[in-house]
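Q: Please take a close look at one part of this model, a pair of packed helices, and add a note on a single side chain elsewhere in the chain.

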Amino acid sequence: MAAAKKAVLGPLVGAVDQGTSSTRFLVFNSKTAELLSHHQVEIKQEFPREGWVEQDPKEILQSVYECIEKTCEKLGQLNIDISNIKAIGVSNQRETTVVWDKLTGEPLYNAVVWLDLRTQSTVENLSKRIPGNNNFVKSKTGLPLSTYFSAVKLRWLLDNVRQVQEAVEENRALFGTIDSWLIWSLTGGIHGGVHCTDVTNASRTMLFNIHSLEWDKELCEFFGIPMEILPNVRSSSEIYGLMKAGALEGVPISGCLGDQSAALVGQMCFQDGQAKNTYGTGCFLLCNTGHKCVFSEHGLLTTVAYKLGRDKPVYYALEGSVAIAGAVIRWLRDNLGIIKSSEEIEKLAKEVGTSYGCYFVPAFSGLYAPYWEPSARGIICGLTQFTNKCHIAFAALEAVCFQTREILDAMNRDCGIPLSHLQVDGGMTSNKILMQLQADILYIPVVKPSMPETTALGAAMAAGAAEGVGVWSLEPEDLSAVTVERFEPQINAEESEIRYSTWKKAVMKSMGWVTTQSPESGDPSIFCSLPLGFFIVSSMVMLIGARYISGIP
């Protein structure tokens, strides 16, 4: 019997989407932006001490290879010829820090994840060295001095990991965020791998001057970082190198964007003033500010949005960063066990339709924008004997929406022109209760594209548009029209404001829990875990009581 004829779809573009919770590989039709196939693998997070968050760089790399192979198999089953894949883009969790040996290709320590808090005392000590009238770190990087960014994580590795110290002394060490680790490995690793990053990822290290678009000597000296271990900085859309192994060997890797910049591109927010909010492990609102750096007066970050070609102009964005969004659902699943899968949260919340006065502030890694308050910790408050797991599930979803409201309010104050609607994307947007809650709490419409994989789409667009690839046009007239789902506010403005003001009261109560030094010495007790533990135990006691009273098995 003759083999089935392969479908001809024109040029295809692949995208690696390496996030905090999972890795995916997705393949798009470059002419229609249609998603043809994908594969996803969940990634383990390790918590060796309280406040520490790590991942295995080799597991991350292996997950990328696995996703590519499985997606190619699925395309084969659809009779789609993988030789039509003309380019690959990379989108990644930002700030997460890896140091590896360029001679062996082995990581010298686990990846220190962006959520990690071990560097709090480093931040406190460094902040004392910044003159009050000359915050050169913020003016050069657009970032506040925080545990969030790569420079302090790298400083910790240099101070505490002997293998890293020795590799630096012997000129064997390479540093990178996840994009750098992946591109170096995929383009050959120890056999000529390309050590590079793009401007969007570099802008999240606190070592990169966002005005000159170069590593900054003064910043590297301030943090004590040897510049020779840093990757070369490239644009977000150019050929970095070729795949050296696997089903897609020989295909150019030609796009690279930090995940939130990739989502901005995927949402086609190319105009000054356009914004999007992505709901992933954290929650990130970005507003394109065009060719100018806009510095926030309300707790937002200034960051590089994208630079789509070596000779193309750089675009900047204001960003509101929330540490815990989807991560709170994973916490309810893995730590409390009140759901068995992330999808169950919608069902539980739907059963009650209200939090019944219960408020959940998931400040597991302190509070990010607009507070930048590392002393905060998670609390669940407003509990009564009537509270059950459904109310806590609803409160968790509300928490994501309230945090978005806080950063949207800050964005509106900085920009001067309030957003008339919010464009959204990310895994959590499949939750219709969350989307309706978000519209109610913001009191503006929420607009969700029918194809929510905008982060991967943005990476694919950058890769396909690169010089030497040229299969994806970014001209406005060539961009595919996007079908959307729209959620309108369904409560009155007064009720929305009352709920929001009560949330703000709960946020104030979450602050100031950590009053001793940071856990860098390794003693978990000094991390002041009692308050969060107290609330967890209290909530579990209430859950058990409520379940008994309600007859819930």
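A: The helix pair comes first, then the single residue. The model is a predicted one.

The pair consists of helix α10, residues 326-336, and helix α12, residues 389-415. Their axes come within 9 Å and cross at roughly 160°. An angle over 145 degrees counts as roughly antiparallel, and α10 and α12 are therefore roughly antiparallel to each other. The crossing of α10 past α12 is right-handed.

On the α10 side, the residues that meet α12 are Val 328, Ile 329 and Leu 332. Their counterparts in α12 are Ile 392, Ala 393, Ala 396, Leu 397 and Val 400. By residue class, this contact of α10 with α12 holds 8 nonpolar residues, no polar ones and no charged ones.

The single residue is Ser 496, which lies in helix α15, residues 493-510. Its relative accessibility is 1%. Buried means under 20%, so Ser 496 counts as buried.

The side chain of Ser 496 reaches two backbone oxygens: that of Asp 440 at 2.9 Å and that of Ile 441 at 3.3 Å. With neighbours within four places in sequence left aside, the residues in contact with Ser 496 are Arg 405, Asp 440, Ile 441, Tyr 443 and Ile 491. Asp 440 and Ile 441 thus appear in this contact list and also supply the backbone oxygens reached by the serine side chain.

Key
Residues are numbered from 1 along each chain as its sequence is written. This is a predicted model: local features need pLDDT of at least 70, side-chain atom pairs count only at pLDDT 80 or more; totals for chains, interfaces and linings use all residues. Side-chain values use heavy atoms; hydrogens and water are left out. Axes are lines fitted to C-alpha atoms, for helices over the stretch in contact, and angles run from 0 to 180 degrees between N-to-C directions. Helices (H or I, at least four residues) and strands (E, at least two) are DSSP runs, numbered from the N terminus. Angles under 35 degrees count as roughly parallel, over 145 as roughly antiparallel, 65 to 115 as roughly perpendicular and the rest as oblique. A crossing is left-handed if the near helix is turned anticlockwise from the far one by less than a right angle, and right-handed if clockwise. Contact means heavy atoms within 4.5 Å. Ala, Val, Leu, Ile, Met, Phe, Trp, Tyr, Cys and Pro count as nonpolar, Asp, Glu, Lys and Arg as charged, and the others, Gly among them, as polar. Buried means under 20% relative accessible area, exposed over 50%, partly exposed in between (1.4 Å probe, protein chains only). A polar contact is a pair of N or O atoms within 3.5 Å; within protein, one must be able to donate a hydrogen and the other to accept it, and residues adjacent in sequence count only if both atoms are side-chain atoms.
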